[in-house]
Amino acid sequence: MTSRPAAGGGRWVEVDPARVGRWVEGFSDRHGPPTTSAQEYGLLLAAPDGATAELYAPPGAPAGVDVAGFVASAVMPRRIGLLLARKGAVALGVAEGADLVVSKVDTRYVQGRTAAGGWSQHRFARRRDNQAKAALGDAADLAVRLLLPEVATLAALVCGGDRRAVDGVLADRRLAPLVPLRAERLLDVPEPRHAVLVAAVGAARAVRILVRDPD
């Protein structure tokens with residue numbers, strides 16, 4: 001389980017789907033038995049002391065109408081596509097439940113920024129832009145080869161890394177069938193590597209909970 005402050009107050013907690021039931025029991029022990037209401041994103045728990053917990057269904061999982069249904073849906077194995085991208089690097093995969101069953105990582109050199117001025121700066125900038133475009137093209141080609149054939153079996157597409165890079169890959173018209181499957185959340189990951197892709201499977205499956213303590 002991980003925890004971090006949330007913008008606007010409260011804190012985000014990420015819980016493995018199999019531990020959500022135990023987490024709810026702990027919330028109830030600390031704040032009193034909560035009332036539960038179904039929401040578009042998942043469930044809202046409102047405790048007698050004013051504490052609330054918003055349970056967000058994992059990508060591709062139905063929200064459920066109560067805690068038991070939510071947990072049953074969250075732990076159910078789903079096929080999820082993964083697309084992690086940063087400048088010059090991309091990692092693609094398909095997860096079956098907690099297992100990564102398809103994976104590919106590719107890195108292409110993209111020149112960093114230069115402090116040079118004048119003509120040289122413009123030349124380097126053009127070279128960098130061309131390298132970045134070529135890297136995005138390669139990443140899109142990989143996604144066509146690895147993810148597009150799986151689209152009919154995927155419950156969701158979870159992306160991570162740099163939003164501009166991810167958007168650039170998915171802008172390829174060939175990948176249009178993947179776009180409706182894209183989860184809203186963008187995973188915060190370092191430069192894509194195989195180990196990062198493996199770790200992203202757990203992050204993609206985790207139940208995100210927004211906890212607000214009583215005033």
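## A right-handed crossover

A crossover is called right-handed if, with the strands pointing away from the viewer, the path from the first strand over the helix to the second runs clockwise. In this predicted model, a β-α-β unit of that hand is made by S9, H4 and S10. The two strands of the unit, S9 and S10 (residues 182-187), run parallel and are joined by three bridges. Within this pairing, Leu-157 stands opposite Arg-182 of S10, and Cys-159 has Leu-186 of S10 as its bridge partner.

S9 is also joined to S6, again in the parallel sense, through six bridges; here the bridge partner of Leu-82 is Val-158 in S9.

## The enclosure of S9

Six of the six residues of S9 are buried, so the strand is largely enclosed by the rest of the structure. The burial extends to both faces of S9, with Ala-156, Val-158 and Gly-160 on one side and Leu-157, Cys-159 and Gly-161 on the other.

## The largest nonpolar core

The largest nonpolar core holds 21 residues, of which Leu-83, Val-90, Leu-92, Leu-147, Leu-157, Leu-170 and Leu-175 touch the most other members. At least two residues of this core come from each of strand S6 (79-86), strand S7 (89-96), helix H3 (118-146), strand S9 (156-161) and helix H4 (163-170). The greatest contribution is that of H3, which supplies six residues.

Leu-175 illustrates how these contacts are distributed: when its neighbours within four places in sequence are left aside, Leu-175 is in contact with Ala-140, Ala-143, Val-144, Leu-148, Val-169 and Leu-170. Separate from this core is a second one, of 18 residues, whose members include Val-24, Leu-43, Ala-47 and Val-211.

## The antiparallel sheet

Six strands are arranged as an open sheet in the order S1-S2-S11-S5-S4-S3, with antiparallel pairing. Strand S1 (2-5) and strand S3 (35-38) are the edge strands, each of them pairing on one side only. From one strand to the next, the twist averages 20°.

Within the sheet, S5 and S11 pair in the antiparallel sense over five bridges, and Tyr-56 has Arg-208 in S11 as its bridge partner. H1 packs on the sheet, where it touches strand S2 (11-15) as well as S4, S5 and S11, and the direction of H1 makes about 170° with that of S5.

## The buried side of H2

In helix H2 (residues 67-75), the buried residues include Phe-70, Val-71, Ser-73 and Ala-74. These four lie on the same side of H2, because they cover an arc of only 165° around the axis. A general property of the α-helix is that it has 3.6 residues a turn, so residues three or four places apart point the same way.

The cover over the buried residues of H2 includes three strands of the sheet and two helices, namely strand S4 (42-46), strand S5 (52-56), strand S11 (207-212), helix H1 (20-31) and helix H5 (194-205).

Methods
Residues are numbered from 1 along each chain as its sequence is written. This is a predicted model: local features need pLDDT of at least 70, side-chain atom pairs count only at pLDDT 80 or more; totals for chains, interfaces and linings use all residues. Side-chain values use heavy atoms; hydrogens and water are left out. A nonpolar core is a set of buried Ala, Val, Leu, Ile, Met, Phe, Trp, Tyr and Cys residues joined through side-chain atoms within 4.5 Å. Buried means under 20% relative accessible area, exposed over 50%, partly exposed in between (1.4 Å probe, protein chains only). Contact means heavy atoms within 4.5 Å. Two strands pair if DSSP finds at least two bridges between them. The arc is that of the directions from the helix axis to the C-beta atoms. Axes are lines fitted to C-alpha atoms, for helices over the stretch in contact, and angles run from 0 to 180 degrees between N-to-C directions.
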